[in-house]
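Biologist: I should like to learn how the features of a protein model are read. Could we begin with the way strands are paired?

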Amino acid sequence: MSTAGDRLQDTARRAALALPDVSHGYPFTSGLDVYKVAGRVFLIVTEDPDERIITVKCEPEHARAQERGYASITPGRYLDKRHWISLGPGPGITERLVTDAVEDSYDLVAERLPRRDRPSAR
């Protein structure tokens, strides 16, 4: 179990819970902590001790750039690999990068919601 992986996941959880109207739970399996806004997934935290990753929604062009820039950012696990990326601990993966990835994912999901379902401004 990697301390860096635990820190990455804790940072992602804190960032997600600081956003408006976020809920989380384990709708798929006990090993996937899923964060949603208005019922739509924007963050998955994998609780497998051998694979401490998070998965977030990302614009396809930005996702490919992130994957090229960081060895521990890969196409999204469990979801559409074009629109999702997974981040694991590794060189260059900072708390700021993780927080930005979570916030960007939230914003992508929230902006596609019907206006009546969008969370209050953050």
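Modeller: Two strands count as a pair if DSSP finds at least two bridges between them. The model here is a predicted one. In it, His24 stands opposite Tyr35 in β2. Strand β1, residues 22-25, pairs with β2 in the antiparallel sense over four bridges.

Biologist: How many residues does the hairpin that joins β1 to β2 use?

Modeller: The hairpin passes from β1 to β2 through six residues.

Biologist: Let us turn to the interior. Which residues touch the most other members of the largest nonpolar core?

Modeller: A nonpolar core is a set of buried nonpolar residues joined through side-chain atoms within 4.5 Å. The largest one here has 27 residues, and Phe42, Leu43, Ile54, Val56, Leu87 and Val102 touch the most other members. Two or more residues each come from α1 (3-17), β2 (32-37), β3 (40-46), β4 (54-57), β6 (84-87) and α3 (95-111). Helix α3 gives the largest share, seven residues. Another core, of five residues, lies apart from it and includes Leu32, Val34, Val41 and Ile44.

Biologist: How does one read which side of a helix faces inward?

Modeller: An α-helix has 3.6 residues a turn, so residues three or four places apart point the same way. In helix α2, residues 60-69, the buried residues are Pro60, Ala63, Gln66 and Glu67. Seen down the axis of α2, these fall within an arc of 120 degrees, so they line one face of the helix. The face turned away from that buried side carries the exposed residues Glu61, Arg68 and Gly69.

Biologist: What covers the buried residues of α2?

Modeller: The cover includes β5 (73-75), β6 and α3. Leu97 offers a view of this region from α3, the helix in which it lies. Among the residues that Leu97 touches are Gln66, Tyr70 and Ile73.

Biologist: Is Leu97 itself buried or exposed?

Modeller: The cut-off for buried is under 20% relative accessible area. Leu97 has 13%, and is therefore buried. Leu97 also touches Leu87. The two lie 10 residues apart in sequence, and their C-alpha atoms are 9.7 Å apart in space.

Biologist: How many aromatic pairs does a search of the whole structure find, and how is the geometry of a pair judged?

Modeller: Ring planes over 60 degrees apart count as edge-to-face. The search of the whole structure finds one aromatic pair. The ring centres of Phe42 and Tyr106 are 5.3 Å apart and the planes meet at 85 degrees, so this pair is edge-to-face. It links distant parts of the chain, since Phe42 is in strand β3 and Tyr106 in helix α3, 64 residues apart. Phe42 counts as buried at 0% relative accessibility, and Tyr106 counts as buried at 2%.

Biologist: Polar residues may also be examined in this way. Where does Ser86 lie, and which backbone atom lies 2.9 Å from a polar atom of its side chain?

Modeller: Ser86 lies in strand β6 and is buried, with a relative accessible area of 1%. The atom in question is the backbone nitrogen of Arg77, 2.9 Å from a polar atom of the Ser86 side chain. Not counting residues up to four places away in sequence, Ser86 touches Ile53, Ile54, Thr55, Ser72, Ile73, Thr74, Pro75, Gly76 and Arg77. One of these, Ile54, also belongs to the largest nonpolar core.

Terms used
Residues are numbered from 1 along each chain as its sequence is written. This is a predicted model: local features need pLDDT of at least 70, side-chain atom pairs count only at pLDDT 80 or more; totals for chains, interfaces and linings use all residues. Side-chain values use heavy atoms; hydrogens and water are left out. Buried means under 20% relative accessible area, exposed over 50%, partly exposed in between (1.4 Å probe, protein chains only). The arc is that of the directions from the helix axis to the C-beta atoms. Contact means heavy atoms within 4.5 Å. Rings of Phe, Tyr and Trp (its six-membered ring) pair if their centres lie within 6.5 Å; planes under 30 degrees apart count as stacked, over 60 as edge-to-face and the rest as tilted. A polar contact is a pair of N or O atoms within 3.5 Å; within protein, one must be able to donate a hydrogen and the other to accept it, and residues adjacent in sequence count only if both atoms are side-chain atoms.
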